[in-house]
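Thanks for coming. I will go through one ligand site today, and then one residue elsewhere in the chain.

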Amino acid sequence: MAETHTYRIAAIPADGVGPEVLASARAVLDALAAGSHGAFAFEWEEFPWGCGYFERTGRMMDEDGLDRLREFDAILFGAVGWPTVPDHVSLWGLRLRICQSFDQWANVRPVRFLPGVRSPLRAAEEHALDWVVVRENSEGEYAGLGGRNFAGRGPGGEVAVQSALFTERGCERIMRFAFELARTRPHRKVSSVTKSNAQQYGMVLWDEVFARVAADYPDVATESVLVDAMSAKFVLKPWELSVVVASNLNADILSDLGSALAGSLGLAPSANLNPERRFPSMFEPVHGSAPDIAGRGWANPIGAVGSAAMMLEHLGLPAEAARVERAIATVTAAGTLTRDLGGTASTAEVTGALIDALAG
Ligand code: GGG
């Protein structure tokens, strides 16, 4: 028998519902490995980082954390953020630290409309709705450039500047990534999200690079749409979408809108990719830590399990990724839904149903 291929995965459950949904994703992956007849296995190492860790140590992750993560084949991440730590401290101290240090410059966020899940867009029954938001994940509005000025202004006079950084290289690589992805999809189209009418420097460069890159892909249809018009299009004409490429902040907002339209933020998976594979890539549900429902066993694990499927694809296990995606569709079609989708199933019940569906 061929040797078992063992994938080393770093698990970072972090905060709120993160540990609950990550436990589901791990259970589904371990069930898949157990049924692989020794073809592959997962070796997990769990890191206790997050807001609880910050309260104990003053750090969101260990000082040598990045060096330790570098050794893994991939990272599976839960969610970051808790009311006891300012959001900009927790986000920059963990999730953004990993994404930016490991040059995970492409954040891929599929919007899938699952059977059995009611969406406001189900009126458009005749169309199969399925698109991908490609988020520029290394610069733009998340470049961390700016400052606050208290000096000499007196009470109430403070000013803050938050600048966005757009580089030709950053724009070009995410756009080429989007075009290559579009070539793998039935509808070969890339929609670029801009705001160049109001943002005359960064977004005009974005538009110019898009036009230049598009010329290299004559087989892929294109459009350039203002972010406000694109949010309307997500609701009114989503069947015209295939791959949507946008800057860091615009894509973050639009992907939440897309997953809400598909039924719930709890469904949405994502991959933070370092396409050159110089560093491990990181897979996480789009949703945050949801302090309002954390610890109650209600969290929807499908976003985390879908992220695990994206990790399988990245690790070179596309058939296994497809099996997990089919299991997700089987479970939603059967009406085993958590509360965010109008159901009554717990996280554990959905996880059990997913594992049963893998076996079926
Ligand atoms: N699993 C995703 C997560 O933890 N997100 C936390 C968050 O606040 N992210 C903000 C952002 O990525 O823009």
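When I say a residue surrounds the ligand, I mean that one of its heavy atoms lies within 4 Å of the ligand. Bear in mind that this is a predicted model.

Start with the shell. The ligand is surrounded by Gly78, Ala79, Val80, Leu91, Arg95, Arg135, Tyr142, Asp252, Glu284, Pro285, Val286 and His287. By class, that shell holds six nonpolar, two polar and four charged residues.

Now the polar contacts. Which atoms of Glu284, Pro285 and His287 lie close to nitrogen of the ligand? For Glu284, a polar side-chain atom is 3.0 Å from a ligand nitrogen. For Pro285, a polar backbone atom is 2.7 Å from a nitrogen atom of the ligand. His287 also uses its backbone: an N or O atom there lies 2.9 Å from a ligand nitrogen. On its own the ligand has 360 Å² of accessible area, and the protein covers 84% of that.

As for where this is, the ligand sits in the second largest pocket. Strand S3 (74-79) and helix H4 (87-101) are the elements that give two or more residues to the shell.

Last, Gly58. This residue is in the loop that runs between helix H2 (51-57) and helix H3 (65-69). Is Gly58 buried or exposed? Its relative accessible area is 47%, so Gly58 counts as partly exposed; the exposed class starts over 50%. Between Gly58 and Leu94 there are 12 Å in space, C-alpha to C-alpha, and the two are 36 residues apart in sequence.

That is what I have.

Terms used. Residues numbered from 1 in each chain as written. Predicted model: local features only at pLDDT ≥ 70, side-chain atom pairs only at ≥ 80, totals over all residues. Heavy atoms only, no water. Polar contact = N/O pair within 3.5 Å; in protein donor to acceptor, adjacent residues only side chain to side chain. Areas by Shrake-Rupley, 256 points an atom, 1.4 Å probe, with all protein chains shown as cover. 1 Å grid on protein atoms, 1.4 Å probe; cavity = no way out; pocket = protein on both sides within 12 Å on 5 of 7 lines; lining within 4 Å. Sits in = over half its atoms within 2 Å of the grid points. Helix = DSSP H or I, 4+ residues; strand = E, 2+ residues; numbered from the N terminus. Nonpolar A, V, L, I, M, F, W, Y, C, P; charged D, E, K, R; others polar. Buried < 20%, exposed > 50% of the residue type's maximum accessible area, 1.4 Å probe, protein only.
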